[in-house]
Every structure is written in C-alpha cells, then in structure tokens.
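Dear colleague,

I am handing over the structure below, and I would be glad if you could look through it with the notes that follow.

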Amino acid sequence: QVQLVESGGGLVQAGGSLRLSCAASGRTFSSYVMGWFRQTPGKEREFVAAISQSGTYTYYAVSVKGRFTISRDNAKNTAYLQMNSLKPEDTAVYYCAVSDRYYITKISTEYKYWGQGTQVTVSA
C-alpha cells in the first residue's frame with residue numbers, strides 16, 4: 001500500500017507563489033506515476049499535473065501550464081507542485097495521488113491512492 005501526505009497549502013495573494021509537497025511511503029516511490037488534482041465545491045475533481053516514474057515526462061492542464069511545475073525527488077520519496085502567478089480561480093483543495101499504471105494519465109479513476117488534501121486559497 002501507499003500512504004501520501006500533502007503539505008504546503010495556505011493563503012496567498014494573487015500573483016504569489018506556493019510550493020506543495022507530497023511525502024509518500026509504503027512502497028518503492030519510483031515505481032509510481034504521480035499526479036496532482038484539485039477540487040472546489042460543486043465541481044468535479046480537476047486534473048492539474050502528472051509526472052512519470054523517473055521524472056522524464058510531465059503533463060499539465062491547460063489552465064496551469066506555464067505557471068505550475070511538477071517535480072519529484074525519488075531519493076526523498078517526495079513529489080512537489082510549484083505554483084507561481086497564482087490566481088483566485090486556483091483556490092481549491094489540492095490532492096496528491098498515485099497511479100499504478102505505467103503511463104501518465106489525467107483520469108482521476110486511474111489513480112489508486114490519494115492524500116488527504118491541502119487547502120490553497122488565493123485572495124484577489
């Protein structure tokens with residue numbers, strides 16, 4: 001099994017930056033595709049970014065491309081989401097997730113393990 005714990009959320013002014021961290025345990029970290037999703041009340045869970053097992057490939061939602069960067073440090077069993085130029089519409093609970101598929105996917109049902117989420121609030 002895989003356990004995930006997100007951290008780094010908080011309140012930030014529009015235009016500011018945050019870095020989210022996702023600490024993983026339970027299995028070999030490098031065996032899994034990692035993804036970040038976000039969700040606001042009344043909306044479906046939205047794909048944000050994903051990264052391949054070795055970090056060779058990344059994939060971003062159009063809404064965050066150029067502003068967010070996903071990365072991973074397999075030696076530290078940790079994935080990151082660097083969020084720059086934040087907008088009020090980025091406000092959401094952000095979730096780290098793990099897929100046991102061997103390809104990058106934006107489909108939430110293809111991620112097997114999820115963290116508890118961390119709140120990101122961007123004020124205007």
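Setting aside residues up to four places away in sequence, Tyr-103 touches Val-33 and Glu-110, and please keep in mind throughout that this is a predicted model. Tyr-103 is found in the loop between S9 and strand S10 (113-114), and it counts as partly exposed because its relative accessibility is 40%, where the partly exposed range runs between 20% and 50%. Its side chain is joined to that of Arg-101 by a polar contact of 2.8 Å and to that of Glu-110 by a polar contact of 3.4 Å. Although Tyr-103 and Gln-53 are 50 residues apart along the chain, their C-alpha atoms are separated by 8.8 Å.

Turning to the aromatic residues, the count comes to six aromatic pairs. In one of them, Phe-37 and Phe-47 meet edge-to-face, with 5.6 Å from centre to centre and 75 degrees between the planes; this pair links Phe-37 in strand S4 with Phe-47 in strand S5, 10 residues apart. Phe-37 and Phe-47 are both buried, and together with Tyr-59, Tyr-95, Tyr-111 and Trp-114 they form one aromatic cluster. Arg-45 lies over the face of Tyr-95, 4.2 Å from the ring centre, while the charged end of Arg-45 also sits over the ring of Trp-114, at 4.6 Å from its centre.

Finally, the largest nonpolar core has 36 residues, of which Leu-4, Met-34, Leu-81, Met-83 and Tyr-94 touch the most other members. Leaving aside neighbours within four places in sequence, the contacts of Met-83 include Leu-18, Leu-20, Phe-68, Tyr-94 and Val-120.

With best wishes

Key. Residues are numbered from 1 along each chain as its sequence is written. This is a predicted model: local features need pLDDT of at least 70, side-chain atom pairs count only at pLDDT 80 or more; totals for chains, interfaces and linings use all residues. Side-chain values use heavy atoms; hydrogens and water are left out. A nonpolar core is a set of buried Ala, Val, Leu, Ile, Met, Phe, Trp, Tyr and Cys residues joined through side-chain atoms within 4.5 Å. Buried means under 20% relative accessible area, exposed over 50%, partly exposed in between (1.4 Å probe, protein chains only). Contact means heavy atoms within 4.5 Å. Helices (H or I, at least four residues) and strands (E, at least two) are DSSP runs, numbered from the N terminus. A polar contact is a pair of N or O atoms within 3.5 Å; within protein, one must be able to donate a hydrogen and the other to accept it, and residues adjacent in sequence count only if both atoms are side-chain atoms. Rings of Phe, Tyr and Trp (its six-membered ring) pair if their centres lie within 6.5 Å; planes under 30 degrees apart count as stacked, over 60 as edge-to-face and the rest as tilted. A charge sits over a ring if NZ of Lys or CZ of Arg is within 6 Å of the ring centre and within 35 degrees of the ring normal.
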